[in-house]
Amino acid sequence: MKKLALAAAILALPVAAQAEDVVRHLTPGSTFPIARAVEVPAGKTTVYVSGMVPKVTNEAAPKGSVESYGDMKTQTVSVLESIEATLKDIDLTMGDVVKMQVYLVAPEGGAADFKGFMEGYTQFFGTEAQPRLPARSAMIVDALVNPAWLVEIEVTAVRP
């Protein structure tokens with residue numbers, strides 16, 4: 001019985017150690033930091049991370065104000081730091097993210113600050129330290145649960 005368990009454990013090792021078998025299809029000729037598709041082979045564990053929202057970054061600002069959470073870039077970084085911490089808690093990294101859904105709020109009568117979002121996003125994806133790009137959708141919404149939040153992000157990761 002012990003030999004059978006040991007053999008099963010040894011056979012499972014190569015599969016568990018290969019994160020490179022997730023294929024990220026990039027858009028030819030584009031430097032935009034998302035994958036146009038991500039291919040996950042059979043046998044991988046998929047992890048769905050709930051939508052994350054920003055944390056208060058300015059305690060001196062009026063409670064519940066946009067200023068208390070920061071601009072789009074600040075809120076994006078806050079949200080991605082929370083996602084990164086959650087992934088770390090379950091032994092994953094941002095490099096294991098294969099799909100991202102982004103909800104951006106546009107101020108009334110204005111446009112969402114996509115540039116600010118991208119300035120925050122590119123600190124975590126498409127960097128030399130973390131080059132693995134997720135497939136991504138970004139949606140403009142009228143509001144999130146808290147009117148001061150400008151961004152909410154949920155991700156799907158694959159356990160290597």
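**Aromatic pairs and the core around helix α4**

A search of the whole structure, a predicted model, finds 4 aromatic pairs. One of them joins F114 and F117. The ring centres of F114 and F117 are 5.7 Å apart, and the ring planes meet at 40°. The pair is therefore tilted, since this class lies between stacked, under 30 degrees, and edge-to-face, over 60. Both residues belong to helix α4, where 3 residues, about one turn of the helix, separate them. Their exposure can be compared with the cut-offs. F114 has a relative accessibility of 33% and so counts as partly exposed. F117, at a relative accessible area of 0%, is buried. Ring pairs extend the group into a cluster of F114, F117, Y121 and F125. A charged side chain also meets this cluster. R136 lies over the face of Y121, 4.5 Å from the ring centre.

Helix α4 spans residues 114-121. Its buried residues are G116, F117, M118, G120 and Y121. These pack against one helix, α3 (72-89), and against the strands β4 (97-105), β5 (135-141) and β6 (151-159). K115 lies in the same helix, α4. K115 is exposed because its relative accessible area, 60%, is over the 50% cut-off. Between K115 and M72 the C-alpha distance is 8.6 Å, although 43 residues separate them in sequence.

The largest nonpolar core holds 35 residues. Within this core, I83, F117, F125 and I153 touch the most other members. At least two residues of the core come from each of β3 (45-52), α3, β4, α4 and β6. The largest contribution is that of α3, with 6 residues. I83 is in contact with M52, M94, I153 and V155, leaving aside neighbours within four places in sequence. F117 thus appears both among these core members and in the aromatic cluster. F125 does so too, as a core member and as part of the ring cluster.

A further buried site is found in helix α2, residues 66-69, which contains S68. S68 counts as buried because its relative accessibility, 2%, is under the 20% cut-off. A polar atom of the S68 side chain lies 2.6 Å from the backbone oxygen of S65. Beyond residues up to four places away in sequence, S68 touches V56, T57, N58, A61 and P62.

Definitions and conventions: Residues numbered from 1 in each chain as written. Predicted model: local features only at pLDDT ≥ 70, side-chain atom pairs only at ≥ 80, totals over all residues. Heavy atoms only, no water. Helix = DSSP H or I, 4+ residues; strand = E, 2+ residues; numbered from the N terminus. Buried < 20%, exposed > 50% of the residue type's maximum accessible area, 1.4 Å probe, protein only. Polar contact = N/O pair within 3.5 Å; in protein donor to acceptor, adjacent residues only side chain to side chain. Contact = heavy atoms within 4.5 Å. Core = buried A, V, L, I, M, F, W, Y, C linked by side-chain atoms within 4.5 Å. Phe/Tyr/Trp six-rings, centres within 6.5 Å; stacked < 30°, edge-to-face > 60°. Lys NZ or Arg CZ within 6 Å of the ring centre and 35° of its normal.
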